[in-house]
Amino acid sequence: MAPMTGRAIEQGMGQGLGKIMNSGIQGEIIYSFIIIACSLMIYFGTKELYNLTSHKGIKYFRQAFLFFALAYFFRSFIKIILFYFEKSELLTFFPIFGSITLFMFMYFSSMAIFYLLYSVMWKKWKWKSTILLFHLTSLAIATTTILFRSPTAYLIINILLFAFISLTVYLSHKQPKKKKPTNLYIIYLMLFFFWILNIIDILVPNFLQTFQLFIYLTSLGIFLSILYKVIKKTN
Amino acid sequence: MAKRNKLEIIRDILKIIQNNHSIRPTPLLRKSNLSSSQFKKYYLELLNKKFIKETYGKNKTITLTEKGQKYLEKYLTIINFIDEFEL
């Protein structure tokens with residue numbers, strides 16, 4: 001077999017890049033880039049407030065967005081791989097590489113959700129090992145995702161996760177002082193709901209194809225509105 | 001009077017130092033309305049975080065550092081941020 005020349009490699013790479021850019025993935029890349037940028041701006045924009053106060057709520061809030069950025073990085077990575085190789089299912093075609101990437105995506109996603117929830121609940125949840133429990137639960141969710149390769153299992157895991165989050169947010173808000181749900185709780189519930197739709201979009205390809213644009217635009221709106229709130233409050 | 005939270009107590013201690021430019025530990029303890037054990041805890045924390053510094057002249061005095069000044073400037077922003085996100 002003739003060795004590949006520099007020009008041939010360049011041509012191959014050029015074709016690959018062209019394939020990526022022409023396969024309708026541009027929107028996916030822009031979408032991921034905006035969400036990652038928003039999350040990192042929130043993380044770094046609140047650094048000074050945390051350094052001055054060492055406030056636990058601020059710490060968990062920042063970590064949630066760092067995990068969102070990492071999760072979205074792996075999410076976009078999975079999407080690019082699927083687009084590039086024109087496959088619809090990651091684990092079947094790339095068993096080892098796919099398992100690692102999907103594991104990281106699910107772990108960071110779950111951690112982001114748990115940390116954001118904990119940022120508003122840390123005063124009420126006094127148990128010392130809460131963070132350890134989050135890591136263990138996230139590891140369990142990620143492992144289950146890799147082991148049970150069934151769309152039904154994926155849907156059940158995510159529905160259970162969302163039910164837990166919604167119940168926690170509802171119970172925490174069901175206090176005599178707070179009669180009306182604040183904007184923040186509505187934004188967080190929407191963020192959790194659309195985040196889970198984003199996860200389902202990765203795990204069960206084509207399941208939400210019809211609503212993909214709507215999910216992407218709403219998710220962008222939610223992240224941008226949180227970033228706007230952060231910028232407004234931190235000047 | 002409502003119980004002060006940690007951020008308010010730190011703000012109050014720093015404000016007392018700022019208003020006096022430099023102050024000795026005993027008057028600071030008196031003005032801060034804290035028990036001596038509580039005061040010691042906060043005092044050490046402020047020293048560790050470099051919000052205040054001790055100066056040794058005729059007496060030991062406490063002054064505000066740039067970081068302490070920054071905390072006072074940012075206090076309202078911090079409180080508004082914590083309230084906004086219910087942290």
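## Rings, charges and a two-chain contact

Phe105(A) is buried, with a relative accessible area of 0%. That's a good place to start in this predicted model, since Phe105(A) has a ring partner to look at. Trp195(A) is buried too, at a relative accessible area of 1%. The two ring centres, those of Phe105(A) and Trp195(A), are 6.4 Å apart with the planes at 50 degrees, so this pair is tilted. Phe105(A) belongs to helix H6 (residues 95-121) of chain A and Trp195(A) to helix H9 (residues 183-203) of chain A, so the pair ties together parts that are 90 residues apart in sequence.

Over all chains, the structure holds 36 aromatic pairs. Another of these is formed by Tyr84(A) and Phe85(A), whose rings meet edge-to-face, 5.0 Å centre to centre and with 85 degrees between the planes. Buried or exposed, or somewhere in between: where does Tyr84(A) fall? With a relative accessibility of 28%, Tyr84(A) counts as partly exposed, because buried would take a value under 20% and exposed one over 50%. Phe85(A) is also partly exposed, at 40% relative accessibility.

Here are the two pairs and their geometry:

| Aromatic pair | Centre to centre | Angle between planes | Class |
|---|---|---|---|
| Phe105(A) and Trp195(A) | 6.4 Å | 50 degrees | tilted |
| Tyr84(A) and Phe85(A) | 5.0 Å | 85 degrees | edge-to-face |

Now for the helix around Tyr84(A). Helix H4 of chain A covers residues 56-84, 29 residues in total, and spans 42 Å from its first C-alpha to its last, close to the 42 Å expected at 1.5 Å a residue. Just after H4(A) comes Glu86(A), which takes a positive phi of about 50 degrees.

Zooming out, chain A has ten helices and zero strands, so to read it from the N terminus on is to read α-α-α-α-α-α-α-α-α-α. Of the 235 residues in chain A, 47% are buried. Among contacts in chain A between residues at least 6 apart in sequence, 74% join residues at least 24 apart.

Back in helix H9 of chain A, there's Asp201(A). What does Asp201(A) touch, leaving out residues up to four places away in sequence? The list is Arg75(A), Lys79(A), Leu208(A), Gln212(A) and Tyr216(A). Asp201(A) is buried, with a relative accessible area of 6%.

Charges over rings turn up as well. In chain A, Arg62(A) lies over the face of Tyr43(A), 4.2 Å from the ring centre. In chain B, the charged end of Lys41(B) sits over the ring of Tyr42(B), at 5.0 Å from its centre.

Finally, the contact between the chains. How many residues does each chain put into it? Chain B gives 16 residues and chain A gives 26 residues. About 1900 Å² is buried between chain B and chain A, and carbon and sulfur atoms give 66% of that area. On the chain B side, Phe85(B), Glu86(B) and Leu87(B) supply 37% of the area that chain B buries against chain A, more than any other three residues. The two chains also share four salt bridges. One salt bridge joins the side chains of Lys233(A) and Glu84(B), at 3.6 Å from N to O.

Terms used
Residues are numbered from 1 along each chain as its sequence is written. Chains are lettered from A and ligands numbered from 1 in the order in which they are written. This is a predicted model: local features need pLDDT of at least 70, side-chain atom pairs count only at pLDDT 80 or more; totals for chains, interfaces and linings use all residues. Side-chain values use heavy atoms; hydrogens and water are left out. Helices (H or I, at least four residues) and strands (E, at least two) are DSSP runs, numbered from the N terminus. The expected span of a helix is 1.5 Å times one less than its number of residues. Rings of Phe, Tyr and Trp (its six-membered ring) pair if their centres lie within 6.5 Å; planes under 30 degrees apart count as stacked, over 60 as edge-to-face and the rest as tilted. Buried means under 20% relative accessible area, exposed over 50%, partly exposed in between (1.4 Å probe, protein chains only). A charge sits over a ring if NZ of Lys or CZ of Arg is within 6 Å of the ring centre and within 35 degrees of the ring normal. Contact means heavy atoms within 4.5 Å. Buried area is the accessible area (1.4 Å probe) that two parts lose on being put together, summed over both.
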